[in-house]
Structure formats: structure tokens, C-alpha cells
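The following exercises concern a predicted model. Please study the sequence and the structure before turning to the worked solutions.

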Amino acid sequence: MSNHTLIYHGSNMTVKSPKIMINGHYKDFGYGFYCTNLRKQAVRWAMTKPGKSIINLYSYEENQNLS
């Protein structure tokens, strides 16, 4: 049985397929692709970007094979 969680990404563009980059030197946790399970938080993030605010919604399923 799969367990899906809805997660959000606040941006100024639609992101269909996130590109995850490694070793970001100016971010708290590297480049990464920052998401939250709180829609309100994603809205606040999106509002910090210039232009139109867009909330991207994803269905996340944990992969037990990753460490």
C-alpha cells in the first residue's frame, strides 16, 4: 500500500519536473528543491519572487530504498 503526501513549492513559474542540483553554497541545505506540506508557507515563499505567484502541487511517495 502506497502512502502519498501532498507537498507544495512556491515559485514564480510552473515547475513540472524539478531539477535537483547538489552542493549549493548559498542555501541553508544546498541547492535542493524546497517544498513544504503547508500550502500557506508555499504561498508566502511564492510572494517573495518577482512576477506572478504560482503554487506547484506534487504527490510525494517516500522511497524506503533511499538513504
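**Exercise 1.** Determine what share of the residues in the protein is buried, and describe the overall arrangement of the elements.

*Solution.* Step 1: of the 67 residues in the protein, 21% are buried. Step 2: the secondary structure consists of 1 helix and 2 strands. Step 3: read from the N terminus, these elements follow the order β-α-β. Step 4: the exposed surface of the protein is about 5,800 Å², and 54% of it is supplied by carbon and sulfur atoms.

**Exercise 2.** Locate His-9 and decide whether this residue is buried or exposed.

*Solution.* Step 1: His-9 lies in strand S1, which spans residues 4-11. Step 2: its relative accessible area is 12%. Step 3: buried means under 20%, so His-9, at 12%, is buried. Step 4: the His-9 side chain reaches the backbone oxygen of Tyr-34 at 2.7 Å. Step 5: leaving aside residues up to four places away in sequence, His-9 touches several residues, including Val-15, Phe-33, Cys-35, Ala-42 and Ile-54.

**Exercise 3.** Classify Cys-35 by its accessibility and identify the residues that it touches.

*Solution.* Step 1: Cys-35 is found in the loop between S1 and helix H1 (39-47). Step 2: the relative accessibility of Cys-35 is 28%. Step 3: because partly exposed covers values between 20% and 50%, Cys-35 at 28% counts as partly exposed. Step 4: beyond residues up to four places away in sequence, Cys-35 touches Ile-7, Tyr-8, His-9, Trp-45 and Tyr-58. Step 5: Leu-6 is 29 residues from Cys-35 along the chain, and their C-alpha atoms are separated by 9.9 Å.

Notes
Residues numbered from 1 in each chain as written. Predicted model: local features only at pLDDT ≥ 70, side-chain atom pairs only at ≥ 80, totals over all residues. Heavy atoms only, no water. Helix = DSSP H or I, 4+ residues; strand = E, 2+ residues; numbered from the N terminus. Buried < 20%, exposed > 50% of the residue type's maximum accessible area, 1.4 Å probe, protein only. Polar contact = N/O pair within 3.5 Å; in protein donor to acceptor, adjacent residues only side chain to side chain. Contact = heavy atoms within 4.5 Å. Areas by Shrake-Rupley, 256 points an atom, 1.4 Å probe, with all protein chains shown as cover.
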